[in-house]
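Here are some notes for a colleague who is opening this structure for the first time. Please read them with the model in view.

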Amino acid sequence: MAEQIGEDIKRALNPSQWEAVSYNDGPSLVIAGAGSGKTRVLTYKIAYLLEKGVDYRRILALTFTNKAAREMVERIRHQVSARVLVPQDLKAGTFHSIFSRLLRKNAGLLGYGTNFTIYDTGDSKSLIKKIIKEHGLDEKKYKSSLVAARISDAKNSLLLPEGYASSTELMKRDMRDGVPAVSKLYSIYMQRCRQANCMDFDDLLLNMYRLLKDNPDICHEYQETFEYILIDEYQDTNMAQYQIIRLLAPANAKLCVVGDDAQSIYGFRGAQIGNILNFQRDYPTTKLIKLEQNYRSTQTIVSAANSIIEHNRGRIPKTIFSKNEVGEKIKILSAHSDREESMKIVRQVKKLISNKNFSINQIAVLYRTNAQSRTLEDGFRDAAIPYHVYGGQSFYQRKEIKDAIAYLRLVVNPNDEEALLRVINYPTRGIGNTTIQKIQSAVSANSVSLWRVLENPQMFSVNLSKRTLNSLLGFANLIEDYRKRDHTEGAYDIAFGLIRDSGIMSEIMSDATPENLSRQENIEEMLNAIRDFETDIREEEGKDVVRLVDYLARVALITDQDEREDSGQRVTLMTIHAAKGLEYEVVFVTGMEDDLFPNANAKFYPSEIEEERRLFYVAMTRAKKLLYLTYARQRYKFGKMEFCQPSPFLDEIAPQYLQSEDISGRRGQLSLGTPQKSWGGNGTNVHAAKVQTGVFSTVSTSKLKKLKDVTSSGSHPSGASLPLVSVSVGQHIEHERFGFGEVIAVEGEGVSTKVTVSFENAGTKNLLLKFAKFKILD
DNA sequence: CCGATACGCATTTTT
DNA sequence: TGCGTATCGG
């Protein structure tokens, strides 16, 4: 029977795939060319181990995306292994999610609480910005994004603040760039995260490394536990990930890394292509297995892609081949302008659908930069061809979702400062900037957490009005109540209750503007997601109550990359980066122009040009049957029309695979290529100016004056401590701009009196009495 | 608090 | 060009 099990799997694989699956005696490096069945190998390998009777707890499988992890598990469950049950808590997930679980278990050792929450990049940036301000540094020089990037780089290279400060190279660079205090900021940032009991994304790697490095016993324990380690997309690992793997998997470990050096396109985010290139040096007993048969593309596409990647120097030698049909030649389309490029693509898409029987969802249009999507969208819209642009704002990046989640974070971890500041006055409850400033100074004066001061402002002698004090305590009590409930109740109940009791619900239900409707939908979707999560976990782990902290741990590491399923009959538009791992019958690679692809910023760095070339390789190998490469001779960039040269990459493709629309034209352009750049900027502005619909409404000055006369408060608000006009709930008013409305709430006093008014036509608005221009009608 | 405006900025972004 | 954020006047 045991023999039979292996045989089944063997039969489903080609010899190299089988070798990769069945070799488990030591380290192995599986170079998986594009379309060579990489996922197949990973899934069958796990299935093989399980069927051989390996305890699932001995297996650790690491991926870069939730989607990849989920797909792997699903495929093991449904395709491979009918007879072996796949354990629900098989350790297969992203680096970040698996590590966050292990870190939570060992949080104490790192000086963290087990309820730590996770700062997303926005939280990190806003904290950094705050620190920059607090230290009186010039925000023009110290841009939070620059500082954040340097801190992130340091963490991903496992450099702590001390290490950063003692690196002459880094200090010189900071000095040169006029930001000598970055190392100091880094140090403070780390402290603040620690105080807030928060980790950012990079900390999940950095702290995992420190945990293993500083606690040899724990490191040893995990080495024993994770006897089999599999890593997907190894070419994308960064220094931190690499070092963690080295600790978890000593020299002779059964470590299997799968990847393709030719598809390393995340160098700009810290990925080290050297990790895969030098793997055999680091693990000398490595068995090297190459998957060289491409099952995806035509021979033409594979050969053309090969001819491109051969221009790169640092490579693991391999020969990718296809036994599919030879297929059609690769078509190059040239256009005068970006607009014409779009039109040509659209025309071609139409043809493909009507003549060649391709369905519209088998077609993808790829580009180097997001900015290119606009013109393409215009083209598809005008032609009434349905399309979908991937890579917009993710669900969890939306404001209302972030706000709601901030409440949840606060309940789990009241020290989460970014969450606290995000919602302390949302929905508005009369806790404005002044109050927050006062609290902040008490925080630094007494070196306690914001939350401590908030719980008991009097104890830290914060000077507040009765009203503000009540608001603060009301807010603190709300959170405190839910903290108590969090001990016994599940994530969904907490979330639902909190959204209601915090006032978020009434805020977004206050009127039916389209924005609010979409917010309502989003909040509802989030609640549904929490409920689904509860159901999943209940089934998987048999828990009665699914804790909020578990939901947050997951949601922090989710991107909606996950849920991008084929959304019906549409053309797909996306960046090449986003297309990695996907495949389409027909692919258009657009904007094949010098300085765009390869990107201008890569020009002077050979390593970056090589990454651009790998990116092109990735783009080409997405195509199964037909590949189009398009370029324009002029294109809008930053609002100016610029002349472009065809991409040098086009000349690197072995010409026998190409079919140019008019080769002479392209060559002609190339040889004629006199620099025509500075012919006076916009002399060639072929775009007709968009005709704006006129706005005819004018404000009647007399009416303005009339209203001004009855403005509620006088023009000397500073002197008065009481509002000059008393407004009360239920009164009807007429506002200068918003029209008729009813006062539904009044808060604050004196100059800061604030009224909430529900207008007939303008929705609900908060108005500051001091400024609002309206008259009271009754 | 609201909204107009001014200014700066503009690869790619798996977590 | 067209976006997000900072700033300011009402």
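**Notes on strand 12, the fold and the DNA**

1. In strand 12, Ile-363 has Val-586 of strand 15 as its bridge partner. The coordinates discussed here belong to a predicted model, and every point below should be read with that in mind. The pairing between strand 12 and strand 15, which covers residues 584–589, is parallel and extends over 4 bridges.

2. Strand 12 also pairs with strand 14, residues 571–575, where the two run parallel and are joined by 4 bridges. Within this pairing, Leu-366 of strand 12 has Met-574 of strand 14 as its bridge partner.

3. Is strand 12 mostly covered or mostly open? Strand 12 spans residues 363–367 and is mostly covered, since 5 of its 5 residues are buried. Ile-363, Val-365 and Tyr-367 point to one side of the strand, while Ala-364 and Leu-366 point the other way, and the residues of both sets are all buried. In a regular strand, side chains alternate between the two faces of the sheet.

4. Helix 2, which covers residues 15–22, offers another place to look at burial, with Gln-17, Ala-20 and Val-21 as buried residues. These residues lie on the same side of helix 2, because they cover an arc of only 100° around its axis.

5. For the chain as a whole, chain A contains 32 helices and 23 strands, and 40% of its 778 residues count as buried. Among the contacts in chain A with a separation of 6 or more, 75% are between residues 24 or more positions apart.

6. Which residues come nearest to DNA strand B? Of the 37 residues around DNA strand B, the nearest are Asp-236, Tyr-266, Leu-557, Thr-559 and Asn-766. The elements that contribute two or more residues to this surface are helix 5 (95–105), helix 28 (576–579) and strand 22 (763–768), and strand 22 gives the largest share, with 4 residues. Sorted by class, the surface near DNA strand B holds 13 nonpolar, 19 polar and 5 charged residues.

7. The surroundings of DNA strand C can be listed in full, and they consist of Phe-638, Gly-639, Leu-768, Phe-771 and Lys-773. By class, the surface near DNA strand C divides into 3 nonpolar residues, 1 polar residue and 1 charged residue.

Note on methods
Residues are numbered from 1 along each chain as its sequence is written. Chains are lettered from A and ligands numbered from 1 in the order in which they are written. This is a predicted model: local features need pLDDT of at least 70, side-chain atom pairs count only at pLDDT 80 or more; totals for chains, interfaces and linings use all residues. A residue is near a molecule or strand if its C-beta atom, placed from the backbone, lies within 6 Å of it. Ala, Val, Leu, Ile, Met, Phe, Trp, Tyr, Cys and Pro count as nonpolar, Asp, Glu, Lys and Arg as charged, and the others, Gly among them, as polar. A residue is buried if 20 or more other C-beta atoms lie within 10 Å of its own, exposed if 12 or fewer, and partly exposed in between; C-beta atoms are placed from the backbone. Two residues are in contact if their C-beta atoms, placed from the backbone, lie within 7 Å. Two strands pair if DSSP finds at least two bridges between them. The arc is that of the directions from the helix axis to the C-beta atoms.
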